[in-house]
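Q: Could you take me on a close look at one part of this model, the nonpolar core, and then show me what lies around it? I would enjoy a connected account.

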Amino acid sequence: MYESKLCFVGLSLFLVGLCSGDEPAKDFSSSQQTALAEVERLSDDIKTVNQRLWELAEVGLQETKSSSLLIQRLSAARFDVTTDMSGMPTAFVATYGEGKPIIGILAEYDALPGMSQRVSPQREAEVDGKPGHACGHSGLGAGALGAALAVKAAMEQHNLPGTIRLYGTPAEETVIGKVYMTLDDHFDDLDICLHWHPSSRNEAWASSSKALVSAKFTFDGTAAHASVSPEAGRSALDAVELMNVGANFMREHLKEDARIHYVIVDGGGAPNVVPPTATVWYFARADSHKDVEYNFKWLKDIAAGAAKMTRTELSIQIDTDCHEIIPNGPLAELITRNLQRIGAPTFSEDEKLFARRLQAPLIEQFGTEFPLAIDESIHSTTVSSQPSKGSTDVGDISWRVPTGGLRTTCMVAQSPGHSWQNVAAIGSTIGEKGIIYASKTLAVSALELFAEPKLLAAAQADWKQRTEGKKYFSFIPDGQKPPKQIR
Ligand SMILES: [Zn+2]
């Protein structure tokens, strides 16, 4: 669930040319040089982990083999691993070191249903109907793992005090994992949390995101023969339809950044039976959780009205409630600086040709213009950038601790999110280069935070200022466990 923006800085091109390659630049500290060398040493295995997660392509809350693979690598590196967190068997936390500071890095590894795709420039499923990594989370998990292992190697070799944690956070696509882990306070003792996402650009993740409530509205009516005795029936589907009409009229009066979308997951069984039950699944989003609260309460009133109109009973299941990201200025600056110091990967003519072939169907269908095949530059983003149109459960963590992130080029330029093109790209050498770049940037940034108490303090002060007066409210009932499966 990622989104990127346009904000180009010409200087980056110069730095790209200057710094790319495997040689650590001279101004890295000795522990950072150890971490960079460790990512290089582990790069084949990081690529293997991406490849394996890509092949497994397990959807949220069912990422059993994917989480086991990451845990296996972490245990082998002598991290202490706790599994089965917050009622989710595929959630885990892996810890190395002790005491403060405590730096967390986030891993995701869930795939998207129906998105199976070969590393091919045509739409071509590996297995029809199977999930695929259309958001690149195979790479996200592998890159985060590489970073944690590299930080650990540097801590060990240079006797650095402090703790590094890798969090295995399931079901990002339905914004569930981190929300429930946050509600259980699993991130509260972190000094800083770091995250990344595969993208079509290299940049610090300096923007916010949309808050989102996901809920299912179920109406209970009375079944009857639809032709012989309709007077003895009460249609739950009528209630769903009336609710949707109400929601669609409500749209006109919402702020422009609000997004409301729904699918009917149960609309009855047959036309000759008055549907006794019906369920509609809604996402309500906005740039601020406060607006989501307002809009969602309105939506609940509309649902209650629909129930009243149809003489049916309403029940509401809140699946999740995720908050917008609180951006962090000092962390965005640190990450931008490290993206530049390390230098972005460059891509071969073959990789660019492959990218052009992935773009071709988009030109044909939508007339999109693609000035670039692959974006090799480093963009400079600031916290004043426009919020993203997507949502991520990273947001909830950022309400508890200062959180900073980045994106690296793993996909072709301007590639649409959740597309088959992204499955192909993250499974290719294009994705691999971006993953390794992300591992290095995360590791070097984490080590800088370990070494510079002033930097930690600045990030924390920025967070305090941005969260002042904000109240974390969740529609999730107290003590509710995450859903076992989402649909
Ligand atoms: Zn994603």
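A: Happy to: here is the core, followed by the domains, a helix pair and some backbone details. This is a predicted model, in which local features need pLDDT of at least 70 and side-chain atom pairs count only at pLDDT 80 or more, while totals for chains, interfaces and linings use all residues. Residues are numbered from 1 along each chain as its sequence is written.

The largest nonpolar core has 134 residues. Such a core is a set of buried Ala, Val, Leu, Ile, Met, Phe, Trp, Tyr and Cys residues joined through C-beta atoms within 7 Å. A residue is buried if 20 or more other C-beta atoms lie within 10 Å of its own, exposed if 12 or fewer, and partly exposed in between, with C-beta atoms placed from the backbone. Ala-35, Ala-144, Leu-145, Ala-148, Val-151, Ala-443 and Ala-446 touch the most other members. Both domain 1 (10-208 + 324-467) and domain 2 (211-319) supply at least three residues to this core; these bounds come from an automatic or database domain assignment.

Let us zoom in on Val-151. Leaving out residues up to four places away in sequence, Val-151 touches Ala-35, Ile-164, Ala-443, Ala-446 and Leu-447, where contact requires C-beta atoms, placed from the backbone, within 7 Å.

Stepping back to the domains, their C-alpha centres lie 37 Å apart. Their contact takes 7 residues from domain 1 and 8 residues from domain 2.

Next comes a helix pair. The axes of α8 (residues 329-342) and α13 (residues 453-467) come within 7 Å and cross at roughly 135°. Helices here are DSSP runs (H or I, at least four residues), as are strands (E, at least two), numbered from the N terminus. Axes are lines fitted to C-alpha atoms, for helices over the stretch in contact, with angles from 0 to 180 degrees between N-to-C directions. The two helices are therefore oblique to each other; angles under 35 degrees count as roughly parallel, over 145 as roughly antiparallel, 65 to 115 as roughly perpendicular and the rest as oblique. Gly-329, Pro-330, Leu-331 and Leu-334 in α8 meet Leu-455, Ala-458, Ala-459 and Asp-462 in α13.

Finally, the backbone. Ala-57, in the loop between α2 (30-56) and α3 (64-76), has a positive phi near 40° and is buried, with 27 other C-beta atoms within 10 Å. Gln-414 has phi near 55°, but is partly exposed, with 17 such atoms within 10 Å. A cis peptide bond joins Lys-100 and Pro-101, and Pro-101 lies between β2 (88-98) and β3 (102-107).

Notes:
Two residues are in contact if their C-beta atoms, placed from the backbone, lie within 7 Å.
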